[in-house]
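Subject: A structure to look through

Dear colleague,

I am handing over a structure that I would like you to look through at your own pace. Please open it first, and then read my notes below beside it.

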Amino acid sequence: MALSTTAATTLYISGNNIHASTPKNASLFSNSTISFSAKQRRRLSIRSSGDVSSKTPTTETESEKSIDEAPKGPPSLISALNVERALRGIAITDADHYGRLGLQRGCSYEQVTVAYRNKVDELLNQGLDEEELSKKMDLLKESYSILSSVEERRLYDWSLARTEQPDRYAWPFEVDITQTPTEEPPPGEPEDVGPTRAVGYFMLGWLILSFVLSIAFAR
């Protein structure tokens with residue numbers, strides 16, 4: 001009479017370890033029920049380094065392009081080197097910004113604006129080619145940006161004053177037209193001449209007394 005065993009064998013699989021639980025007094029060759037309990041698989045996303053490297057040049061190119069497309073204004077005269085050159089009486093630039101706009105030194109800021117507009121109209125009416133017109137327009141913009149700015153013009157005028165008369169020192173505000181008084185100065189207080197006269201009379205009396213004593217002692 002055959003012995004049939006219905007013992008159930010359960011096989012657990014977790015990670016790399018396999019555990020099989022078999023009840024005692026059970027045959028391994030009997031009908032066994034094997035069940036697997038597998039954990040949910042984790043989904044891993046692998047990102048290729050080639051994708052990153054392929055996008056990097058595009059980003060760098062776009063950043064360089066944005067830098068190149070940034071508008072560049074006229075160069076500024078304000079720098080430590082130009083201040084040192086002005087102190088020594090050395091010209092900070094060879095350009096005659098007043099001559100470009102046809103202005104005289106000491107003109108007002110309103111005259112600078114009017115002269116710049118007139119020069120631009122003259123250039124546009126000369127029928128120049130695009131390249132030459134662009135160069136001359138850049139020169140006019142440079143002169144206008146310097147003469148229309150208080151700080152730029154102060155340093156420029158100070159440099160001109162120091163270059164023309166290096167032996168005479170002048171402060172930057174001495175040549176600044178914005179600091180030039182437009183009203184008459186208030187009248188000064190009347191000078192008190194009483195103490196001055198008293199000292200004068202005392203000195204005169206002392207001289208007379210010295211002269212008389214010298215004659216008296218000489219006898």
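How many residues does helix α6 have, and how far does helix α6 reach from its first C-alpha to its last? Please keep in mind throughout that this is a predicted model. Helix α6, which runs over residues 150-164, has 15 residues, and the distance from its first C-alpha to its last is 21 Å, close to the 21 Å expected at 1.5 Å a residue.

To place this helix in the whole, it helps to know that the protein has 7 helices and 2 strands, and that their pattern along the sequence reads β-β-α-α-α-α-α-α-α. The protein has 219 residues, of which 19% count as buried. Among the contacts between residues at least 6 apart in sequence, 58% join residues that are at least 24 apart. The protein exposes about 18100 Å², and carbon and sulfur atoms supply 56% of that area.

Which residues of α6 are buried? They are E152, R153, R154, L155, Y156, D157, W158, S159, A161 and R162, and what covers the buried residues of α6 includes α2 (80-87), α3 (97-101), α4 (109-125) and α5 (130-147).

One residue of α2 that is worth following is N82, which has its place in that helix. Is N82 buried or exposed? N82 has a relative accessibility of 10%, and because buried means under 20%, N82 counts as buried. Leaving aside residues up to four places away in sequence, N82 touches L77, I92 and L155, and L155 is itself among the buried residues of α6. Another buried residue of α6 is S159; N82 and S159 are 77 residues apart along the chain, while their C-alpha atoms are separated by 8.6 Å. The side chain of N82 also makes a polar contact, at 3.3 Å, with the side chain of S79.

For a contrast, please turn to helix α7 (residues 194-218), where F211 lies. F211 has 55% relative accessibility, and because exposed means over 50%, F211 counts as exposed. F211 also belongs to a nonpolar patch on the surface, which F211 forms with L204, I208, V212 and I215; together these residues have about 480 Å² of accessible area. When you look at the spacing of such residues, it may help to remember that an α-helix has 3.6 residues a turn, so residues three or four places apart point the same way.

With best wishes

Terms used:
Residues are numbered from 1 along each chain as its sequence is written. This is a predicted model: local features need pLDDT of at least 70, side-chain atom pairs count only at pLDDT 80 or more; totals for chains, interfaces and linings use all residues. Side-chain values use heavy atoms; hydrogens and water are left out. Helices (H or I, at least four residues) and strands (E, at least two) are DSSP runs, numbered from the N terminus. The expected span of a helix is 1.5 Å times one less than its number of residues. Buried means under 20% relative accessible area, exposed over 50%, partly exposed in between (1.4 Å probe, protein chains only). Contact means heavy atoms within 4.5 Å. Accessible areas come from the Shrake-Rupley method with a 1.4 Å probe; for residues, only the protein chains shown count as cover. Patches are made of residues with over 30% relative accessible area and no salt bridge: like charges are joined within 9 Å, nonpolar side chains (Val, Leu, Ile, Met, Phe, Trp, Tyr) within 5 Å. A salt bridge is a side-chain nitrogen of Lys or Arg within 4 Å of a carboxyl oxygen of Asp or Glu. A polar contact is a pair of N or O atoms within 3.5 Å; within protein, one must be able to donate a hydrogen and the other to accept it, and residues adjacent in sequence count only if both atoms are side-chain atoms.
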